[in-house]
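This report describes the surroundings of a bound ligand and the pockets of a protein. The sequence and structure come first, followed by the description.

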Amino acid sequence: MQGIKVLVTAGPTMEAIDPVRFISNHSTGKMGYAIARQAMLRGADVTLVTGKVAIAPPEFVTVVPVTSAQDMYEAVTSVSNEQDIIVKAAAVADYRPARISEEKVKKSDGQMSIELERTDDILKFLGEHKRAGQFLCGFSMETRDMLRNSRAKLEKKNLDMVAANNLKVEGAGFQGDTNVLTLITQDEDVSLQLMSKEDAANVILDKILSIQKEREEQ
Ligand code: CTP
């Protein structure tokens, strides 16, 4: 992959409520970090835009740390045009608090609620601004109707591939070192066995490169 520019996003975003609290998710960053590492080992020029995670980033990649969905949007869109392959493994918040309190929110009796507003969809933006030859891979995590929902994301966001996983399947999802993925493209759904995230990263990269090669030959 020497000479190929790859952008990977990984990890969770954190959406501040006040100086003390935030809304986030269980993403560990392991899947995205594995993709960044394997692409680097293949010689690619890798940029890793990452939310806060507990694991160390791979060596020899350009690391861009971000906190919120808006930070990730800015970091990604400022370098996306020059990328050959973009893999969006990050678990980006779909909503953030409409207002961030400057002071710590104090408790009072009874219930409280937080008004949320939508974040910008980074992947949708990338799909709308995809340049010729660029490959866009999204991730999809579902708890039901995985294939139908994930294929809908492929169409809606103008993606070349969606790596889908069902959180309810043993060995899939956020926390562990394994995943059970289905790679969904325009032409097919490929169901992968349970495997390590490092192996899954290699299968994803192999699939992307083989589709790109097919397209070049057409
Ligand atoms: N994504 C993104 N920007 C967002 C939200 C998600 O780029 N603001 C990306 C993720 O990195 C992932 C993909 O979109 O690659 C997930 O698609 P999404 O539609 O967010 O999936 P869900 O949120 O799981 O969909 P839904 O809420 O419809 O279940």
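## Ligand site and pockets

A polar atom in the side chain of lysine 157 lies 3.0 Å from an oxygen atom of the ligand. This distance, like every value here, comes from a predicted model. Lysine 153 also reaches the ligand through its side chain, where an N or O atom is 3.1 Å from a ligand oxygen. With aspartate 120 the backbone is involved: one of its polar backbone atoms is 2.9 Å from a nitrogen atom of the ligand. On its own the ligand has 590 Å² of accessible area, and the protein covers 73% of this.

The shell around the ligand consists of 15 residues. The closest are Lys88, Ala90, Asp94, Asp120 and Leu123. By class, the shell holds seven nonpolar, two polar and six charged residues. Helix H3, residues 122-128, and strand S9, residues 135-142, each contribute at least two residues to the shell. The largest share comes from S9, with three residues.

Where does the ligand sit? Its place is the largest pocket. That pocket has a lining of 40 residues, and those nearest its centre are Ala90, Ala91, Val92, Asp94 and Phe139. Ala90 and Asp94 are thus named both among the residues closest to the ligand and among those nearest the pocket centre.

Several secondary structure elements take part in the lining of the largest pocket. Helix H1 (30-41), strand S8 (116-118) and helix H4 (146-156) each supply at least two of its residues, as do H3 and S9. H3 and S9 also each give at least two residues to the shell around the ligand.

A second pocket was also found in the model. The second largest pocket is lined by 14 residues. Nearest its centre lie Thr185, Gln186, Asp187, Ile211 and Arg215.

The table sets out the volume and the lining classes of the two pockets.

| Pocket | Volume | Nonpolar lining residues | Polar lining residues | Charged lining residues |
|---|---|---|---|---|
| Largest pocket | about 930 Å³ | 17 nonpolar residues | 12 polar residues | 11 charged residues |
| Second largest pocket | about 250 Å³ | two nonpolar residues | five polar residues | seven charged residues |

In short, the ligand sits in the largest pocket, and its polar contacts include the side chains of lysine 157 and lysine 153 and the backbone of aspartate 120.

Methods
Residues are numbered from 1 along each chain as its sequence is written. This is a predicted model: local features need pLDDT of at least 70, side-chain atom pairs count only at pLDDT 80 or more; totals for chains, interfaces and linings use all residues. Side-chain values use heavy atoms; hydrogens and water are left out. A residue is near a molecule or strand if one of its heavy atoms lies within 4 Å of it. A polar contact is a pair of N or O atoms within 3.5 Å; within protein, one must be able to donate a hydrogen and the other to accept it, and residues adjacent in sequence count only if both atoms are side-chain atoms. Accessible areas come from the Shrake-Rupley method with a 1.4 Å probe; for residues, only the protein chains shown count as cover. On a 1 Å grid over the protein atoms alone, a cavity is a set of points where a 1.4 Å probe fits but cannot get out, and a pocket is an open set with protein on both sides within 12 Å along at least five of seven lines; lining residues have an atom within 4 Å of a point. A molecule sits in a cavity or pocket if more than half of its atoms lie within 2 Å of its grid points. Helices (H or I, at least four residues) and strands (E, at least two) are DSSP runs, numbered from the N terminus. Ala, Val, Leu, Ile, Met, Phe, Trp, Tyr, Cys and Pro count as nonpolar, Asp, Glu, Lys and Arg as charged, and the others, Gly among them, as polar. Grid points are joined across faces, edges and corners, and a volume is the space filled by probe spheres set on the points.
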